[in-house]
Amino acid sequence: MATFKIAKVLMKSLFDKPATLMYPVVQREWQERTRGSIDIEAESCILCGICSKRCPTNAIETDRTTGLWTIHRMQCIQCGECAAACPKKCLSMNQKYTEPQPEKVVDSVEIPIKKAAGGAADGDLTCNKEACVFCGLCVKACPADAIKVDRKAKTWEVDKDACAKCGACVEKCPKKCLSMGGNATGAAAPADDAKLECNTDVCSYCGFCATNCPADALTVDRKEKVWKVDDDACAKCGICVEKCPKKCLTLGDIVPEPDRTEGKEIACDESACVYCGLCAKNCPADALKVDRKEKSWVIDKEACVKCEICVEKCPKKCLQLAAPGEAVEAAPATGAAAKSLPVVDTEKCVYCAACESECPEGAIEAPVDAWKVDEEKCIGCGACTDVCPTDALTMK
């Protein structure tokens with residue numbers, strides 16, 4: 001009997017195509033989405049170091065002093081975060097994998113360090129100091145530690161040799177007074193005697209202003225209903241005025257936009273709600289309570305600051321800011337929110353466990369080559385798909 005089975009297999013094999021390739025004579029054709037290895041275009045790289053900071057496994061090193069960009073191939077998980085974050089788009093994903101070696105592969109690429117011949121016309125970072133409020137956000141955003149700001153002395157300095165010209169500081173500047181190779185006009189800075197003021201009759205003490213203050217000049221105590229500003233530390237950048245959900249802060253000529261939340265409240269379409277609790281976890285005022293077992297969603301309307309973070313974070317889009325008593329309907333579900341259970345593409349998954357950390361119900365486990373989801377625990381919120389760096393998860 002066994003002989004006939006073997007003979008059947010042999011006859012079938014005679015007329016079938018080979019199951020293997022004549023490698024390396026015949027090269028394998030990779031699928032378009034294959035994540036093999038990271039390639040760099042040395043001519044475009046500015047050694048800003050953003051790729052190094054974004055790498056979850058610390059596989060990339062940048063050294064502007066020696067002009068070297070280094071990647072530890074065996075440490076890289078091909079998640080693509082570096083390529084996505086690169087301001088010059090000089091990193092890309094090659095479909096070909098790193099060839100096996102008896103030793104760990106470390107590739108170093110020499111990057112020609114570009115030095116300007118002089119002046120702003122050559123692309124140097126410049127600052128309109130008349131508009132600058134010396135808040136220091138540019139310093140925090142700089143990946144090369146090339147900027148120094150002293151608020152007391154009102155000085156702003158850039159080390160042109162260290163500056164990577166990545167533009168991160170320009171993007172973060174609240175007064176728009178920085179530019180690359182140009183003259184930034186910037187927004188008019190508040191007068192020296194302008195003070196940050198708060199309408200405490202309207203303030204809900206949510207702490208948004210304190211959280212976003214680059215100078216740590218604000219103190220907010222929700223329980224004691226206390227709002228304080230250190231006038232000496234305040235950079236008068238106006239970020240707090242912009243971020244305030246109740247629009248109760250003013251700074252000289254900087255006044256908040258009209259409060260569009262007036263007379264409205266957060267409402268939930270519970271017919272679409274899966275009670276995942278992401279709204280409650282992200283609420284800065286602890287105004288929401290969600291009980292999955294009891295299927296209840298409760299909001300403390302007095303505590304709610306109407307910041308709409310819960311609306312933004314809701315995976316089912318069943319939260320809205322509406323007039324009291326107004327019926328709300330969940331927005332048409334798209335992508336993750338329209339499905340039920342996450343399914344993993346093992347060819348894309350790098351087992352970074354970001355989905356496991358994000359899952360509000362602890363329904364996912366992501367050990368290497370053994371990703372799984374507990375169908376009983378999973379509530380189909382889609383939070384896992386939102387954080388997956390390789391787009392390996394879909395809801396089906």
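This tour moves through the model one selection at a time, from charged pairs to backbone details and then to the nonpolar interior.

The model is predicted, so local features are described where pLDDT is at least 70 and side-chain atom pairs where it is 80 or more, while totals for chains, interfaces and linings use all residues. Residues are numbered from 1 along each chain as its sequence is written, and side-chain values use heavy atoms, with hydrogens and water left out.

**Charged pairs**

Side chains of opposite charge can pair when their charged atoms come close. The structure holds seven salt bridges, a salt bridge being a side-chain nitrogen of Lys or Arg within 4 Å of a carboxyl oxygen of Asp or Glu.

Select D16 and K12 to begin with: their side chains form a salt bridge with an N to O distance of 3.1 Å. K12 is exposed at 55% relative accessibility, and D16 is partly exposed at 40% (buried means under 20% relative accessible area, exposed over 50%, and partly exposed in between, with a 1.4 Å probe and protein chains only).

Next select D124 and K160, a salt bridge whose closest N and O atoms are 3.6 Å apart. This pair links distant parts of the chain, 36 residues apart, with D124 in the loop between strand 5 (106-110) and strand 6 (125-127) and K160 in the loop between strand 8 (155-158) and helix 5 (168-172). Helices (H or I, at least four residues) and strands (E, at least two) are DSSP runs, numbered from the N terminus. D124 is buried, with a relative accessible area of 6%, whereas K160 is partly exposed at 49%.

Then select K301 and E265, which form a salt bridge with their closest N and O atoms 3.2 Å apart. K301 sits in the loop between strand 16 (296-299) and helix 9 (309-313) and E265 in strand 14 (residues 265-268), so the salt bridge ties together parts that are 36 residues apart in sequence. Of these partners, K301 is exposed at 52% relative accessibility, and E265 is buried at 19%.

**Backbone details**

Move to N58, in the loop between helix 2 (50-54) and strand 2 (60-63), where phi is near 55 degrees, a positive value in a residue other than glycine. N58 is exposed, with a relative accessible area of 54%.

Y275, in the loop between strand 14 and helix 8 (278-282), also has a positive phi near 55 degrees, but Y275 is buried, at 8% relative accessible area.

**A buried threonine**

Select T390, which lies in the loop between helix 11 (383-387) and strand 21 (393-395) and is buried at 2% relative accessible area. The T390 side chain reaches the backbone oxygen of K348 at 3.3 Å. Leaving aside residues up to four places away in sequence, T390 touches R35, Q78, C79, K348, C349 and V350, where contact means heavy atoms within 4.5 Å.

**The nonpolar interior**

Finish with the largest nonpolar core, which has 21 residues, those with the most contacts inside it being I266, L288, W297 and L319. Strand 14, strand 16 and strand 17 (319-322) are the elements that give two or more residues to this core. A nonpolar core is a set of buried Ala, Val, Leu, Ile, Met, Phe, Trp, Tyr and Cys residues joined through side-chain atoms within 4.5 Å.

Centre the view on W297, whose contacts, not counting residues up to four places away in sequence, include I266, C268, Y275, L288 and L319. Apart from the largest core lies another of 17 residues, among them I71, C82, C90 and I111.

Note on methods
Polar contact = N/O pair within 3.5 Å; in protein donor to acceptor, adjacent residues only side chain to side chain.
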